[in-house]
Amino acid sequence: MTSTSMKNNMMPPGLVSNLQEVLLRKGAQQAGGEAEGNPSKDIAEPAAEPSSSTPEAIDSSKPILLVTNSDGIESPGLTFLVEALVKEGLYNVYVCVPQSDKSVSGHSVTLGETVEAKSCEINGVTAFEVSGTPVDCVSLALSGALFSWSKPKLVISGINRGSSCGHHAFSSGVVAGAREALLCGVPSLSISLNWKKDESQDTDFKDAVTVCLPLINAAIRDIEKETFPKSCFLHIEIPTSPLNNKGFKSTKQSMWRSTPNWLAVSGSRYPSGHFLANQQGLGIQLAQLGRDASAAGAARRLTTQKKNLEVVESVGAAGKSSGKVKKYFRLEFLDKEHEDVDDDLDYKALESGFVAVTPLSISPHIETDIQTAASDWISAALHSEQ
């Protein structure tokens, strides 16, 4: 069977790749067996080992950086950030990000389900996209199971599309990625751009990288000197017009949060066109099945998921209602007018045009000495970079 015929059968690429490797391996074994006068059936096949299509070339003289995000591999914030870090030529850069947008996934993890890590290309660095959350990505990357190393100098999560100020930090996937790194004992930064609809554009991410790169360099330098804050990670909020910022400001996490607005939806829990969109999403998922996938298993999974998407109202005999009531709602967040607050709070500083740098602790309440130590480091680092 040739690779062309397998593709024509519309088999998942992961399965095609697996079969191709098996056929090639068997062909090589048969050739070796014939040359030695041994039948190929007596040759034991070694167990398949996971490997990346991109070889890891680690320069031991350069610190390792892990970059993750919550917006996925196609995010311009990720693209521009990795491009700039590679251009610096100072670091071994690795990427591990979600396969899809997980911006409001919070600190959720994928438990009891198989997670796929698929190698991909981004600016020539070793990169994987993972069928999980930002926390899954960081946890897997730091476990030693995916990469040959398990502890980089710094984890950078971002650059996220949209602010994560105030209480939004609790639901933010990009903040959770940095928090998970700190839980694993690795210094980290999370970065967000205050994206505004009809005003912001993708090139703003490139400007955002220009703004935060000096702080990244300063962080790595002081991590090696062991003078970087150890009890917190830093969340960096970049204003809507990055290059017109008023400077960096060490801030505190505010209590700000957009107003949640639950809208009643009649008829169906899915908006118009939702089922079609999910069918397309399922097709992509099928195309990314792992090595243990099969064509029959993939078909069964698609049928099951289609059934799960169907909504059938429960009715009794003669069309009478069973007494159960179904209601459908959709959540939206509304921006609210913000009252005058302390200028040192993240949201106020960001809206005033500053780059807000907020130390966030693992503990529910950040201690005063941690706040002071982080603020002192931020001031010293920015002063040395000017």
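**The second largest pocket and the salt bridges**

The second largest pocket has 24 lining residues, with Arg161, Gly162, Ser163, Trp195 and Asp335 nearest its centre. A pocket here is an open set of points on a 1 Å grid over the protein atoms alone, where a 1.4 Å probe fits, with protein on both sides within 12 Å along at least five of seven lines; lining residues have an atom within 4 Å of a point. β5 (154-161) and α9 (346-351) are the elements that give two or more residues to this lining. The largest share, 3 residues, comes from α9.

This is a predicted model: local features need pLDDT of at least 70, side-chain atom pairs count only at pLDDT 80 or more, and totals for chains, interfaces and linings use all residues. Residues are numbered from 1 along each chain as its sequence is written, and side-chain values use heavy atoms, without hydrogens and water.

Now the charged pairs. Side chains of opposite charge can pair when their charged atoms come close. The count is 3 salt bridges (a side-chain nitrogen of Lys or Arg within 4 Å of a carboxyl oxygen of Asp or Glu).

Arg161 pairs with Asp202, with the closest N and O atoms 3.4 Å apart. Arg161 lies in strand β5 and Asp202 in the loop between β6 (188-193) and α6 (203-224), so this bridge ties together parts 41 residues apart in sequence.

Lys196 bridges to Glu351, the closest N and O atoms being 3.6 Å apart. Lys196 sits in the loop between β6 and α6 and Glu351 in helix α9, so the pair ties together parts 155 residues apart in sequence.

Asp222 and Arg221 meet at 3.3 Å, N to O.

Notes. Helices (H or I, at least four residues) and strands (E, at least two) are DSSP runs, numbered from the N terminus.
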